[in-house]
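Reader: Hello! I would like a close look at a single part of this model, please, with the terms spelled out as you go.

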Amino acid sequence: MGIINRFLLLLLSLLTLALSISVLGAVFGWLPESVWLDSLHYAMARQETIAASVVVFLVSLKLLGQVFCCSKDKTTSKGEYVIESGPQGEVRVALDAVRNFTDRLAREAHGVRDVRVVVKARNRKEGATLALQLELVVGREAEVTKLSEKLTTTIQQQLEQTMALTEVPVNIVIKDVSDAQPSKKHRVV
């Protein structure tokens, strides 16, 4: 849900809260009947009430549409990916396993200082797809074009050999060029 929809939902929720408190006040007698009846008669005779009602109705319709609209191209970075499916069962691999495997392969490359791997899986009717994005911090000694070609080839070959994942696109983004020592992942035991 986007920021605009969240803001509209906040306004609608606050309006509903105020209205429900007013109704409870009238029901339990906290507001005298003459006060809320006079206020209601005054509000019903105003043009602003009609405009506000139309705006609230349109906002409600928009939010209701957001509830029932479904994105055709849903991407996830959590869960599992089906490698093989047959009558005897399925073989699945966790996306975290693909991420960790790719992370290790990228950190072994000469010139890579740090890496962040993003795995995107899409489930479509035609079939599922998997894509990788590597955000790298490289040293000044690294030749970016050769490094990216080597990483892409190595990762694709290893994914095909180890997990039978073919034609996985690998997008490489160089986030920074640094002289810092390669970062080591700390392992908690």
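Reader: How many bridges join strand E5 (residues 129-138) to strand E6 (residues 170-177), and do these strands run parallel or antiparallel?

Author: Happy to help! This is a predicted model, where local features need pLDDT of at least 70 and side-chain atom pairs count only at pLDDT 80 or more, while totals for chains, interfaces and linings use all residues. Residues are numbered from 1 along each chain as its sequence is written, and side-chain values use heavy atoms, without hydrogens and water.

E5 and E6 run parallel and are joined by 7 bridges (strands pair if DSSP finds at least two bridges between them). One of the pairings puts glutamate 135 opposite its bridge partner in E6, valine 173. Strands (E, at least two residues) and helices (H or I, at least four) are DSSP runs numbered from the N terminus.

Helix H5 (residues 144-163) joins E5 and E6 in a right-handed β-α-β unit (with the strands pointing away from the viewer, the path from the first strand over the helix to the second runs clockwise).

H5 also meets helix H4 (residues 95-107): their axes come within 10 Å and cross at roughly 135° (lines fitted to C-alpha atoms over the stretch in contact, with angles from 0 to 180 degrees between N-to-C directions). H4 and H5 are therefore oblique to each other (under 35 degrees is roughly parallel, over 145 roughly antiparallel, 65 to 115 roughly perpendicular, and the rest oblique). Their crossing is right-handed (the near helix is turned clockwise from the far one by less than a right angle).

On the H4 side, Ala97, Val98, Phe101, Thr102, Leu105 and Ala106 meet Leu151, Ile155, Gln158, Leu159, Thr162 and Met163 of H5 (contact means heavy atoms within 4.5 Å). The residues of this contact divide into 9 nonpolar, 3 polar and no charged (Ala, Val, Leu, Ile, Met, Phe, Trp, Tyr, Cys and Pro count as nonpolar, Asp, Glu, Lys and Arg as charged, the others, Gly among them, as polar).
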